[in-house]
Amino acid sequence: MTDWDAQWRSALDEVRAAGRWRMRRELESAQGVNIRVDGRDYLSFCSNDYLGLAHDERLVSAAQQAMAQAGFGAGASHLVIGHHHYHHELEIALARFVGRERALLFSSGYMANLAVLSTLADTSSLVLGDKLNHASLIDGAKLSGARAQRYLHGDPRSLQQKIDRFGKAATSTFVISDGVFSMDGDLAPLPELVAVCAQNNACLVIDDAHGLGVLGEQGAGTLSHFGLSQAQVPVLIGTLGKALGSFGAFVAGSDALIELLIQKARPYIYTTALPPATAAATLAALKIAKEEAWRREILRQRIALFRHEAQHLGLRLMDSQTPIQPLLIGSNDAAMRLTTHLQHAGILVVAIRPPTVPEGSARLRITLSAQHSEDDVGRLLHALSEAKEQGLLT
Ligand SMILES: *Cc1c(COP(=O)(O)O)cnc(C)c1O
């Protein structure tokens with residue numbers, strides 16, 4: 001008889017030995033910049049709630065009103081009888097927001113990415129992804145069975161080389177990239193990727209999880225920031241659990257794209273629809289994100305302040321103008337020591353380690369929010385300068 005627990009424990013030992021042990025903290029307050037975790041109060045620089053909407057009372061009351069009318073669970077998948085009018089209304093609003101013909105809601109960004117690639121690509125396709133793409137894009141390519149290759153981060157020439165090398169054997173070619181890279185904060189060179197795709201008859205798929213709400217006209221995202229149309233970027237994925245402070249995701253594009261996903265995408269068809277109240281809350285969030293431009297303005301000011309002062313302290317910033325401001329540390333242990341130091345100062349920042357980021361590039365993933373005050377940013381910088389004096393930061 002196999003001792004399954006012994007096998008699993010030895011797998012766990014390997015994780016621990018590699019310095020990759022992950023632990024969950026228990027959040028005892030609403031999400032925000034001032035949070036209570038494991039019985040202590042912290043100033044937080046960890047969430048993706050860039051606009052500070054996750055605990056906005058307008059989202060809460062929109063959800064409550066929807067629950068009073070629609071109950072809680074959706075009760076079925078979209079194609080059976082779970083497609084509530086709240087979902088429908090949100091899809092129309094999302095399509096308008098990002099300037100696309102149609103949008104389709106998904107339970108999560110992870111599932112949206114599995115759905116897109118497994119529906120559009122097959123074993124005779126070539127899928128080319130940026131080396132730093134989000135795990136869900138990589139897994140989507142795997143699920144499709146397509147030949148998958150990675151090109152150098154943010155490098156259209158490397159992309160072209162991969163197409164030259166592998167494209168001829170493929171019946172269709174897809175280029176997939178994050179719009180804003182989740183662990184680095186930099187933007188994909190979208191106009192250049194559009195040009196390479198046009199020259200090589202490839203379909204561009206952009207996951208804008210971290211651009212939506214933050215960049216572009218009224219927060220419409222990275223494609224809006226670059227002024228790119230549906231013809232140039234036929235497939236756009238957006239997530240609703242980050243700047244919009246809600247939950248879920250969507251794919252936007254042409255009527256044909258959306259209809260094909262409804263007909264064929266298994267991660268769409270074989271899963272229960274989101275609770276309708278979630279869609280109602282997202283609709284409220286969308287309205288706030290569009291109308292309250294001051295949130296983006298404050299965010300821009302906090303990013304500028306942080307970068308300016310961090311450079312002054314000689315910290316190793318990365319090339320990012322977005323709310324994701326990682327500090328490159330290097331070793332896993334050094335990154336963990338630094339987060340512990342910050343935690344003693346009442347500041348919560350998470351260390352991101354391999355395999356989420358490449359080996360030897362452990363970092364603090366500092367994220368800023370429109371709700372951080374100048375003093376909050378000052379407290380973080382002060383704690384970082386102390387860490388530097390103590391030799392915790394090189
Ligand atoms: C967070 C994230 C996802 C996953 O979205 P969820 O809705 O959280 O599942 C997908 N892509 C990128 C780039 C992300 O950062």
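Colleague: Which residue meets Arg36 in a salt bridge?

Modeller: This is a predicted model: local features need pLDDT of at least 70, side-chain atom pairs count only at pLDDT 80 or more, and totals for chains, interfaces and linings use all residues. Residues are numbered from 1 along each chain as its sequence is written, and side-chain values use heavy atoms, leaving out hydrogens and water. A salt bridge puts a side-chain nitrogen of Lys or Arg within 4 Å of a carboxyl oxygen of Asp or Glu. At 2.9 Å, N to O, the partner of Arg36 is Asp41.

Colleague: Is Asp41 buried or exposed?

Modeller: Buried means under 20% relative accessible area, exposed over 50%, and partly exposed in between (1.4 Å probe, protein chains only). Asp41 has 52% relative accessibility, so Asp41 counts as exposed.

Colleague: How far apart are the closest N and O atoms of Lys287 and Glu291?

Modeller: Both lie in helix H12, residues 276-291 (helices are DSSP runs of H or I, at least four residues, numbered from the N terminus). They are four residues apart, so about one helical turn separates them. They form a salt bridge, and the closest N and O atoms are apart by 3.5 Å.

Colleague: Which residues join Glu292 and Arg295 in one network?

Modeller: Arg295 forms a salt bridge with Glu292, at 2.8 Å between the closest N and O atoms. Both residues are buried. Salt bridges that share partners link this pair into one network with Asp56 and Arg58.

Colleague: What span does helix H15 reach from its first C-alpha to its last?

Modeller: H15 covers residues 374-389, 16 residues. The expected span is 1.5 Å times one less than the number of residues. That gives 22 Å, and H15 comes close to it, reaching 23 Å.

Terms used:
Helices (H or I, at least four residues) and strands (E, at least two) are DSSP runs, numbered from the N terminus.
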